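Trainee: I am new to this structure. Please show me how to read it, one feature at a time.

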Amino acid sequence: MMYWILAVVILLTATYFIVINGAAFGAVPKGKRLDRIRQSKLYRNKQFQNISHTPSLAEGYKMWKVTYDFFLGKKHPLLKPLKKIPSIHTDLKSLDKNTDVFIWLGHSSYYLQTDGVSFLIDPVLSLYGSPFKYFNKAFKGSDIFKPEDIPNLDYLVITHDHFDHLDYPTVKSIKSRTGMAIVPLGVGAHLERWGYTEKQLIEEEWGTEVELKNNIKLTFTPARHFSGRRLKQNDTLWTSYVLETPTKKIFLGGDSGYDSHFKMIGEKYGPFDYAILENGQYGEAWRYIHTLPEDTIQAAIDIDARHIIPVHAAKFALALHPWNEPLQKITSLGKEKRLDILTPKIGEVLDLNFDNQMFTAWWEG
């Protein structure tokens, strides 16, 4: 009996190491990259730290109970849409490079073009937002964009290395069409394993300003989140970005719980013409690392944004709320605060130079 138990343990251990060392899990920072990480003021006790103390779960919640509810608990009947999500397959390759547009690709993936420069943010264009082809499947209608739809890019931009923001098949597929990749400190290890060269990477930490094409400036700014594609957490950094062009200022929020950093960013870099903010895949238990809709509204106020584009919803079920609740709540709360909440369909063109765009409540159909 002892030999059987030992054999099972060895088999499971070997399987784990084979899986975890697969290409989709990226790479662990080493060498010069690890030296940079260790020298960072954001890195203490062998991991990156948030500005404020940030527990994984809010007070009063237990990990075993949250995990049980997520996997085995009773689910809301609208956790996933009952029918195909309305979306528009815009031909990204045919867009005039001189137009300034935002096109949501579902969840936190979007294509941004401004001042003659193209950006692709957190692209997850696989059918699954996970390393395995049986977990976290995209909703029907939300999966209309594929890696081959992406045009030649000036910049690929990554906010952090979670699987629903950094997708191995997508990022590897577009490598030959990507000029430069902008990533937070440590995340470059994944991209280098996938074939990107060191010269292709702009890899920095909070507070760093970099000059891009056409007099565009990008600043790495704080977020309140965490990172990791393996068991070890927070060995890579997470970030938001401030994008300043000759014609506009845009905040790229990434994933973040609410905290004082939004006010700080607003005071130092605001006001913003547009803020692209996380709104979805939340829960009271996770409020320190994912904003609730009311927190997203307050974050928009703190950074002083004229127009708010909510993302991080309507593609994957990573939380227990109804799939359309984030959009219902953010539009209702925005109306109360007289904020301009812009809610295009996946693939619908949002003209960044037109102030009075109106979008339908497509999630109510």
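Mentor: Start with the labels. Helices and strands are DSSP runs, numbered from the N terminus; a helix has at least four residues and a strand at least two. With those labels we can place D259: this residue lies in the loop between β12 and α6. Keep in mind that this is a predicted model.

Trainee: Is D259 buried or exposed?

Mentor: Use the cut-off: under 20% relative accessible area counts as buried, over 50% as exposed. D259 has 14%, so D259 is buried.

Trainee: Which residues does D259 touch, leaving out those up to four places away in sequence?

Mentor: D259 touches S52 and R224. Now look at Y288 as well. D259 and Y288 are 29 residues apart along the chain, and their C-alpha atoms are separated by 8.2 Å.

Trainee: Let me step back. How many helices and strands are there in the protein?

Mentor: The protein has eight helices and 16 strands.

Trainee: What does the radius of gyration of the protein agree with?

Mentor: Compare the value with a rule for the chain length. A compact globule of 365 residues would have a radius of gyration near 21 Å; this protein has 20 Å, so the two agree. For the outline, picture a box along the principal axes. The C-alpha atoms fill one of roughly 70 × 50 × 40 Å.

Trainee: What percentage of the residues in the protein is buried?

Mentor: Buried residues are 57% of the 365. Turn to the surface next. The accessible area of the protein is about 17000 Å², and carbon and sulfur atoms hold 57% of that area.

Trainee: What share of the contacts with a separation of 6 or more comes from residues 24 or more positions apart?

Mentor: That share is 70%.

Trainee: On to a pair of helices. At what angle do the axes of α6 and α7 cross?

Mentor: Find α6 at residues 261–269 and α7 at residues 293–303. Their axes cross at roughly 25° and come within 7 Å. Therefore α6 runs roughly parallel to α7, since angles under 35 degrees count that way.

Trainee: Which residues in α6 and α7 meet?

Mentor: From α6, the residues are F262, K263, I265 and G266. From α7, they are A299, D302 and I303. Sorted by kind, the contact has four nonpolar residues, one polar and two charged.

Trainee: Why is α7 described as largely enclosed?

Mentor: Count the buried residues. In α7 they are eight of the eleven, so this helix is largely enclosed by the rest of the structure. Among them are P293, T296, I297 and A300. The list also includes D295 and D302.

Trainee: What do the buried residues of α7 pack against?

Mentor: They pack against two helices, α6 and α8, and against the strands β12, β13, β14 and β15.

Trainee: What is the phi of D304, after α7?

Mentor: The phi of D304 is positive, near 65°. Two other places deserve a look for phi. Q281 is not a glycine, yet has a positive phi of about 60°. Q281 sits in the loop between β13 and α7. With 4% relative accessibility, Q281 counts as buried.

Trainee: And the second place?

Mentor: That is A314, again not a glycine, with a positive phi of about 70°. A314 belongs to the loop between β14 and α8. Its relative accessible area is 1%, so A314 is buried.

Trainee: Which residues does a cis peptide bond join?

Mentor: Read omega. Between G270 and P271, omega is about -5°, and the peptide bond is cis. P271 is in the loop between α6 and β13.

Trainee: How far apart in space are K32 and V349?

Mentor: Take both distances. K32 and V349 are 317 residues apart in sequence and 41 Å apart in space, C-alpha to C-alpha. K32 is in helix α2, residues 31–39. At 62% relative accessible area, K32 is exposed.

Trainee: Where does E325 lie?

Mentor: E325 lies in helix α8, residues 325–336. E325 is buried, at 17% relative accessible area. From E325 to P222 the C-alpha distance is 27 Å, with their positions 103 residues apart in sequence.

Note on methods. Residues are numbered from 1 along each chain as its sequence is written. This is a predicted model: local features need pLDDT of at least 70, side-chain atom pairs count only at pLDDT 80 or more; totals for chains, interfaces and linings use all residues. Side-chain values use heavy atoms; hydrogens and water are left out. Axes are lines fitted to C-alpha atoms, for helices over the stretch in contact, and angles run from 0 to 180 degrees between N-to-C directions. Angles under 35 degrees count as roughly parallel, over 145 as roughly antiparallel, 65 to 115 as roughly perpendicular and the rest as oblique. Contact means heavy atoms within 4.5 Å. Ala, Val, Leu, Ile, Met, Phe, Trp, Tyr, Cys and Pro count as nonpolar, Asp, Glu, Lys and Arg as charged, and the others, Gly among them, as polar. The radius of gyration is taken over C-alpha atoms; the globule rule is 2.2 Å times the number of residues to the power 0.38. Buried means under 20% relative accessible area, exposed over 50%, partly exposed in between (1.4 Å probe, protein chains only). Accessible areas come from the Shrake-Rupley method with a 1.4 Å probe; for residues, only the protein chains shown count as cover.
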